[in-house]
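This report describes selected features of one protein chain for a reader who is new to structural work. The text is best read with the sequence and the model side by side.

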Amino acid sequence: MQNRKTNLARPLPAAAVLLAALALATAACRPDTGFPRLGEVPEPADNPTTEAKVELGRLLFFDYRLSGDAAVSCAFCHDAGRGWGDQRDLSTGYPGTRHWRNSQTTVNSAYLQKLFWAGESPSLEAQAKSAMTGNVAGNGDPSMLEERMAQIPEYVERFREAFGVERPTFNLALKAIAAFERAEMISRDSPFDRYQDGKRGALSDEAKRGLELFKGKAKCDRCHNGALFTDEDYHNLGVPQPETFEKDVLAQVTLRYQHYIRGVPEKLYRTADHDLGLYYTTKRDADKGKFRTAPLRYLRYTAPYMHNGALATLEDVVDFYDRGGGSDPNKSPLLEPLGLSTEEKADLVAFLDSLSGTEIAMEQPQLPPYGVIEADGSFRQAAGTGGGR
């Protein structure tokens, strides 16, 4: 017992004292922004990230063969050169169709607990499944996709290395894609992040004023809070339809199809001309037109904005909120006219822009070709059968 007391009383080494002092000094220099720092990427216990999974997922993310007619890939709607979205108001969707919503960025989606605009998926793995099999997205049949992967020798070897299996499976492909997104699609080097770390010059004076407006007069943090700047809750903002919807017959057909397959009452099916959002899941009238609050990181690269891409620029977004949102019977009572001046609007835009870090660039990888299965079960490479575009 005497020894334990002696050890506890022993002075700390000089290096430890210095490190502790530096930590305290750094903490003292960090401004209190009111927002937590974005932490490490969470990963599920049943899908720990490994290099083998990430590299396999990178290939699968870009591979057009993982769709119904081998015409679209994850990267088709989540393009690295377009903010990992597609920079259209309404996403293009599967060939011959038109999607009815905006394609969100996949950057930082690893942190979200509710994915898609109405929060239908609880994980990256579940989101990938819905996207790859959805009728107006990938439209793929899992058994067909498994067969295609099994006829690509490199995939057979990579699945063996990543998961210890002898044949590729659809569910393991989802895990690999999710691991790739968790490892490679993370942005936390924005000017705002550097400012939070104590680098006072990382934010311009305009952005600093915008931060105070964001938390104060503009009341943005009512819904855009936390490290991702989203409460992950659902709100109706009264967002108008984009012009594309009014002109594009296919988009109108797709929306009507969503009413049908999601089981809305017949009267509503025949009269509704707007995306019903959360209502599709809950069937509660109060949830009509509600969508999950969008995160605000990486905004610089992800225009246009809102669930249907109706607002083209950050300036448009600020103007929209300054007016108190749009017009809808279910519009959130949180929205009200703000009375922002021209200078205040510019400051707010400057702050929003400060939430974007370095653009995440990535070249499409060279995709592995199909092989020919010999009588003895071995492969030989078939000429001209790669999955690249």
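The closest cysteine sulfur to that of Cys223 belongs to Cys220, and the distance of 9.4 Å is too far for a bond. The model is a predicted one, and every value in this report was computed from it.

**Cysteines**

A disulfide is a covalent bond between the sulfur atoms of two cysteines. The cut-off applied here is a pair of cysteine sulfur atoms within 2.5 Å. By this rule the number of disulfides is zero. Cys77 gives a second example: its closest cysteine sulfur is in Cys74, at 9.0 Å, which is again too far for a bond. Cys77 is buried, with a relative accessible area of 17%. Cys223 also counts as buried, at 12% relative accessibility.

**Salt bridges**

How many salt bridges does a search of the whole structure find? The search finds 31. Three of these pairs are set out in the table, each with the distance between the closest N and O atoms.

| Basic residue | Acidic residue | Closest N and O atoms |
|---|---|---|
| Arg209 | Glu343 | 3.7 Å |
| Lys217 | Glu344 | 2.9 Å |
| Arg270 | Glu266 | 3.0 Å |

The salt bridge of Arg209 with Glu343 has its closest N and O atoms 3.7 Å apart. Arg209 lies in helix H10 (residues 205–215) and Glu343 in helix H16, so this pair ties together parts that are 134 residues apart in sequence. With a relative accessible area of 36%, Arg209 is partly exposed, whereas Glu343 is exposed, at 52%.

Lys217 and Glu344 form a salt bridge with a distance of 2.9 Å between the closest N and O atoms. Lys217 is placed in the loop between H10 and strand S1 (234–235), while Glu344 is in helix H16; the pair therefore ties together parts that are 127 residues apart in sequence. Lys217 counts as partly exposed, at 37% relative accessibility.

The bridge between Arg270 and Glu266 is found within one helix: both residues lie in H13 (residues 266–271), four residues apart, which is about one turn of the helix. An α-helix has 3.6 residues a turn, so residues three or four places apart point the same way. Arg270 is exposed, with a relative accessible area of 59%, and Glu266 counts as exposed at 53%.

Salt bridges can also be joined to one another. Arg37, Asp193, Asp197 and Arg297 are linked in a network of salt bridges.

**Helix H15 and its partner**

Which residues of helix H15 are buried? In this helix (residues 314–322), the buried residues are Leu314, Val317, Val318, Phe320 and Asp322. They pack against helix H16 (342–353). Helix H16 has already appeared in this report, as the helix that holds Glu343 and Glu344. Just after H15, Gly324 takes a positive phi of about 90°.

**A nonpolar patch on the surface**

Tyr257, Tyr260 and Ile261 make a nonpolar surface patch of about 330 Å². Of these residues, Tyr257 is found in helix H12 (residues 249–261). Is Tyr257 buried, exposed or partly exposed? Tyr257 counts as partly exposed because its relative accessibility is 31%, and the label of partly exposed covers values between 20% and 50%.

Terms used:
Residues numbered from 1 in each chain as written. Predicted model: local features only at pLDDT ≥ 70, side-chain atom pairs only at ≥ 80, totals over all residues. Heavy atoms only, no water. Buried < 20%, exposed > 50% of the residue type's maximum accessible area, 1.4 Å probe, protein only. Helix = DSSP H or I, 4+ residues; strand = E, 2+ residues; numbered from the N terminus. Contact = heavy atoms within 4.5 Å. Patch = residues over 30% accessible without salt bridge, like charges linked within 9 Å, V, L, I, M, F, W, Y side chains within 5 Å. Areas by Shrake-Rupley, 256 points an atom, 1.4 Å probe, with all protein chains shown as cover. Salt bridge = Lys/Arg side-chain N within 4 Å of Asp/Glu carboxyl O.
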